[in-house]
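Here's a quick tour of a protein model, starting with a sheet and ending in the nonpolar interior. Have the structure open as you read.

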Amino acid sequence: MPVAVRLVEVLALTTLLGILTGLAVFVVAAQRMMFLVLLLITSFKQAQVVSRSGAKIVENMANEIKTMMDAKISAVRRIMDAAENTALTNEEADQFFSYYNAKDMIEPHEPMPTEPPRELDDAGGPKIWVPPKRIVLTPKAEFFDTPVNLTVSSVHIPTNVYDRATETIRAIQWSENLDQIFRDNYKKDPTLSWQFFGSSTGFMRQFPGSKWKTEPVDLYDCRLRSWFMEAATSPKDVIILLDGSGSMTGQRLDIAKHVVNTLLDTLGTNDFVNIFTFGDEVKPVVGCFEDTLVQANLGNVRELKEGIESVKTASIANFSAALTKAFEVLEQYKLDQRGSQCNQAIMIVSDGAPFSYEEIFEQYNWRELPYKPVRVFTYLIGKEVADVKDIKWMACANQGYYVHLMDTAEVREMVLNYIPVMARPLVLGRHDHPVIWTQVYADFVDLEMSDYLWQMKQNEDQREDILEYRRIGFRMLEPLEVRRREYRRMKEAWDQPTDSEAYQFLTTVSMPVYDRRTNATRIANLLGVAGTDVPIRDIKKILSPFLLGVNGYAFIVTNNGYILFHPDFRPIFQGYILKPAYNSVDMIEVELLDDDRPPRDFNPVLLTIRDSIINQSTGSKWMLVKNHFDEMKRVARVKRQYYWTAIQNTPFTLVITYPEQYGVNRLQIRIEDEIHRMNIKGSNTLSYFTGKRWKIHPQWLFCKHSNMTFDTPEEELLWFLGKMSQPGWKWPSSRSALPPEHTAAMYCDRQLMQSLVFDARVTEWFSKNTSFNSKDDKGTTKPNCPPPLPRALKDCL
């Protein structure tokens with residue numbers, strides 16, 4: 001309760017008085033506002049003014065988030081253990097096994113589809129058809145109002161994966177046993193979001209069961225999602241060598257570009273990459289990326305993909321220069337301790353190699369045999385290839401993988417074969433299951449659809465310009481018309497909401513699942529990845545905004561310097577288009593120092609703070625910053641204090657900030673005003689919340705019952721106040737964990753609830769001395785007077 005009362009607005013005779021604990025009471029008589037304010041100040045004389053410690057606040061908040069995230073990690077670990085143990089069964093694959101297919105299962109009101117005409121599969125045998133299973137689905141708010149079934153999981157099969165293939169259907173069979181673990185996890189922690197197991201064969205088992213949207217097209221493949229890729233493979237430095245010789249002209253170049261694009265899709269923000277095309281010369285596909293490795297974030301990957309489209313074929317391929325260049329760049333980054341500082345790989349995409357170039361590998365990769373620091377993967381392009389021996393040898397002699405690609409249809413499946421190879425060191429260890437947390441991302445099927453929406457918006461702008469030209473002709477070139485058009489476009493650019501119903505933003509915690517069968521361990525087989533989503537909204541609820549006040553805020557930064565969430569995080573353009581690099585926004589791009597520096601010229605003080613934050617240190621610092629408000633129409637110059645500390649066992653750091661003089665003190669209730677003591681004395685706390693002229697903050701976490709639903713936050717509050725008045729009530733020890741003594745999954749913010757009840761008690765006289773009779777909720781003061789004022793306040797009046 002940092003400030004006792006805050007005046008929100010005065011409109012005619014109606015005034016909304018907001019209490020910073022989230023309680024709002026409608027009061028009237030604007031002509032007596034000074035009287036009411038002074039009376040309210042007097043009502044809070046029983047509270048104590050105590051100093052605020054920013055370092056203590058950020059520490060407590062970080063511990064709360066850690067407790068919540070530890071619970072998610074434990075749930076994923078149980079899924080992983082169950083998957084590894086269940087896969088040990090030598091169950092035969094049943095080609096007619098029936099399961100809940102997320103794209104085919106039907107609800108009770110839907111008709112059963114008829115069996116399709118008899119078809120033959122690729123092997124010439126009769127194509128297997130299994131009738132879809134029926135499922136009952138119910139919308140649940142905790143799953144973003146998606147219709148779900150909390151008793152079973154459903155399976156998503158990518159478009160390019162045949163679900164009746166022997167290994168695929170066998171994995172679907174044994175993974176159905178995970179349903180019991182999913183249910184137990186959800187029972188232990190009802191705040192859990194989606195739980196899933198992504199198989200290396202391509203399917204994903206998701207709990208709770210739900211239908212999968214296939215319109216306009218299903219492009220989803222769990223193996224290309226960041227939570228799968230980062231858990232399946234360690235961070236890596238990758239150089240892709242694209243053959244640009246004349247023999248790659250035509251379809252071969254198209255296949256090669258598809259291979260490179262798919263490789264880029266498998267990289268995450270912990271990876272570093274560059275692409276060189278080689279003919280007579282070795283050149284980067286993006287000129288400014290010369291001799292460097294760039295972080296594989298959305299922005300850099302987009303630049304690389306655009307650079308690939310401009311590749312032209314000519315002359316002959318200089319493999320010696322290309323391999324030498326790749327090894328030298330990787331070696332320099334290793335010596336300088338830059339990049340991922342972990343695995344390194346070279347991906348060669350070509351239609352063949354004239355020699356094995358063994359001398360180059362001896363010089364750079366075989367210095368300390370049997371250790372080979374760089375893995376080499378080769379992708380042979382084309383149907384009519386005279387000799388595959390040399391390019392295949394390059395991969396096999398350097399702990400890599402060789403693939404022959406003859407058609408674009410097989411590119412994705414064949415490219416993904418490199419993942420188990422990169423995972424071999426982890427699988428061979430068997431016991432080390434690294435916990436991976438992803439960047440923030442939108443729960444969106446495929447980012448290329450967002451690119452499509454962006455392109456459609458640009459096309460619409462061009463269409464409007466053409467129609468305007470037809471309507472007014474060359475007048476559109478007049479300065480007034482140009483300014484009008486520029487203003488309209490600028491106003492559209494300002495429309496960048498921080499929240500949107502079109503997307504749900506998440507981070508995901510995941511860990512690899514290994515095949516522990518004897519033969520599988522010898523070849524280091526990866527079963528897949530287990531994980532669960534953590535909605536950003538759930539993390540925000542753990543924070544205590546009432547401790548920071550209206551001018552303070554909190555945000556989280558990843559170990560890459562990117563924000564997980566921030567009040568100024570604006571990932572959406574015009575409400576429905578994701579920005580090209582929405583999840584790689586650096587903290588120094590949203591915290592704006594008041595130092596009059598030009599764009600991209602960041603203050604050294606800010607860079608020093610950023611280094612401390614991403615290295616997960618603990619510290620504090622004040623800075624002069626610019627805060628914009630009122631839809632970016634106004635700017636305030638503020639001196640703010642920043643506090644930060646690491647969230648243990650995660651790659652995240654929590655930062656809080658508030659104006660230097662604003663958050664020095666706060667109000668704290670006395671011990672005798674605590675809810676428990678008031679109930680013992682016979683006070684009825686429910687009596688402070690009578691009538692309908694009060695509200696609580698709808699987004700703050702006062703108390704929560706995970707197994708019950710309420711129509712309004714006010715109804716939920718009254719239910720908890722009733723529980724607190726009964727004998728045997730105990731406060732939960734944490735707002736994010738579910739202690740053993742609270743088997744009903746109840747948890748509360750004790751400090752916030754105590755302050756809320758106190759505020760309601762001292763403002764109770766508002767409703768007693770104000771009547772609301774008219775339809776427009778305007779009130780009139782009752783004849784009876786409010787409680788008497790002290791003499792000092794009477795003298796002021």
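Two strands count as paired when DSSP finds at least two bridges between them. In this predicted model, strand β21 (residues 553–557) and β22 pair in the antiparallel sense over two bridges. As for a residue to click on, Val557 has Ile563 in β22 as its bridge partner.

Zoom out a little and you'll find an open sheet of five strands, ordered β22-β21-β27-β26-β25, with antiparallel pairing. β22 (563–565) and β25 (619–629) sit at the edges with a single partner strand each, so one side of each has no neighbour in the sheet. From one strand to the next, the twist averages 35 degrees.

Two helices go with these strands. α2 lies across β21, β26 (634–646) and β27 (653–659), while helix α19 (residues 604–614) packs on the sheet and touches β21, β25, β26 and β27. Here are their angles:

| Helix | Strand | Angle |
|---|---|---|
| α2 | β27 | about 145 degrees |
| α19 | β25 | about 115 degrees |

Now for the interior. The largest nonpolar core has 143 residues, and the ones touching the most other members are Ile240, Val259, Leu264, Tyr379, Tyr418, Ile539 and Leu654. Helix α2 (residues 54–86) supplies the largest share of this core, 14 residues. Apart from that core lies another, of 32 residues, including Val329, Leu330, Tyr333 and Tyr357.

What does Leu264 touch, not counting residues up to four places away in sequence? Leu264 contacts Ile240, Val273, Ile275, Val301, Leu304, Lys305 and Ile308.

Key:
Residues numbered from 1 in each chain as written. Predicted model: local features only at pLDDT ≥ 70, side-chain atom pairs only at ≥ 80, totals over all residues. Heavy atoms only, no water. Core = buried A, V, L, I, M, F, W, Y, C linked by side-chain atoms within 4.5 Å. Buried < 20%, exposed > 50% of the residue type's maximum accessible area, 1.4 Å probe, protein only. Helix = DSSP H or I, 4+ residues; strand = E, 2+ residues; numbered from the N terminus. Contact = heavy atoms within 4.5 Å. Axes fitted to C-alpha atoms, helices over the stretch in contact; angles between N-to-C directions.
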